[in-house]
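Take a moment to turn the structure around on your screen before reading on. We will walk through it together, one region at a time.

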Amino acid sequence: MKKILLVLFALAALTACKNRKNYVPDETLLNTKWLLQTLNSEAVDTVESEGVKSVFLFLEEGTNQLNGFAGCNRFFGSYEELEDNGLKFSEVMSTKMGCDRLELEEKILLLLNQITRYEIKDNILYMMTDDGGAASFKASAIE
């Protein structure tokens, strides 16, 4: 009986360690890596492959700094949290490399500059503009 309990305990411990790598944090706007899922109601390919990285954003708590990857280039800027889930990005800039996803990148950067509010539900971050633009992001596992 003791051997069976010991084996079960060891399996549980190994499973816990293995699952820790894929742990998704509680949904918080700040200090979470958010992977783009949709942009203006259109699905975005989120599968990483050789030479193609996922589009993401990260808002750093305490510094009010925004950074991420928009399809071709890294971007950065600042953010301000406002009342009632208000959100404003400013000074959003990016590096200037070219690639075949440049059109997607331009749409993302344009939308970020127009975001006015957000909502988080079931590990999905929804960002909206006043004129109906929107993007959704999924919280990613901690790497």
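Let us start in the middle of this predicted model. Its largest nonpolar core has 28 residues, and the members that touch the most others are L57, L59, L87, F89 and M127. Where do the residues of this core come from? At least two residues each are supplied by strand 1 (33–39), strand 3 (56–60), strand 5 (74–82), strand 6 (86–94), helix 2 (102–112), strand 7 (115–121), strand 8 (124–129) and strand 9 (134–139). Helix 2 gives the most to this core, namely five residues. In soluble globular proteins, nonpolar side chains tend to be buried together.

Pick out L87 to see how contacts reach across the chain. Leaving aside residues up to four places away in sequence, L87 touches L29, L59, Y79, E80, E81, L82, I115, T116, R117, Y118 and M127. Two of these partners, L59 and M127, were also named above among the core residues that touch the most other members.

Now follow the chain into strand 8. Is this strand mostly covered or mostly open? It is mostly covered, with five of its six residues buried. Strand 8 has strand 7 as an antiparallel partner, joined to it by six bridges. Strand 8 also pairs with strand 9, again in the antiparallel sense, over five bridges. Y126 is a good residue for tracing both pairings: it is the bridge partner of E119, and its own bridge partner in strand 9 is S136.

The turns of these hairpins are worth a look too. Between strand 7 and strand 8 there are two residues, and D122 in this hairpin takes a positive phi near 50 degrees. The hairpin of strand 8 and strand 9 has four residues between the strands, and here G132 takes a positive phi near 100 degrees.

Most residues other than glycine have a negative phi, and most peptide bonds are trans. With that in mind, look at two asparagines. N40 is not a glycine, but its phi is positive, near 50 degrees. This residue lies in the loop between strand 1 and strand 2 (42–43), and N40 is partly exposed, with a relative accessible area of 40%. N64 is not a glycine either, and has a positive phi of about 60 degrees. You will find N64 in the loop between strand 3 and strand 4, where it is partly exposed at 33% relative accessible area.

Next come the cysteines. A disulfide is a covalent bond between the sulfur atoms of two cysteines. The structure holds one disulfide, formed by C72 and C99, with their sulfur atoms 1.7 Å apart. The link of C72 and C99 is left-handed, with -75 degrees about the S-S bond. Which parts does this pair tie together? C72 sits in the loop between strand 4 (65–69) and strand 5, while C99 sits in the loop between strand 6 and helix 2, so the disulfide connects parts that are 27 residues apart in sequence. C72 is buried, with a relative accessible area of 9%, whereas C99 counts as partly exposed at 33% relative accessibility.

Finally, turn to the aromatic rings. How many aromatic pairs does the structure hold? The count is zero. Rings can have charged neighbours, though: the charged end of K33 sits over the ring of F56, 4.6 Å from its centre. K53 lies over the face of F69, at 5.0 Å from the ring centre.

How values were computed: Residues numbered from 1 in each chain as written. Predicted model: local features only at pLDDT ≥ 70, side-chain atom pairs only at ≥ 80, totals over all residues. Heavy atoms only, no water. Phe/Tyr/Trp six-rings, centres within 6.5 Å; stacked < 30°, edge-to-face > 60°. Lys NZ or Arg CZ within 6 Å of the ring centre and 35° of its normal. Core = buried A, V, L, I, M, F, W, Y, C linked by side-chain atoms within 4.5 Å. Buried < 20%, exposed > 50% of the residue type's maximum accessible area, 1.4 Å probe, protein only. Contact = heavy atoms within 4.5 Å. Disulfide = S-S within 2.5 Å. Pairing = 2+ DSSP bridges.
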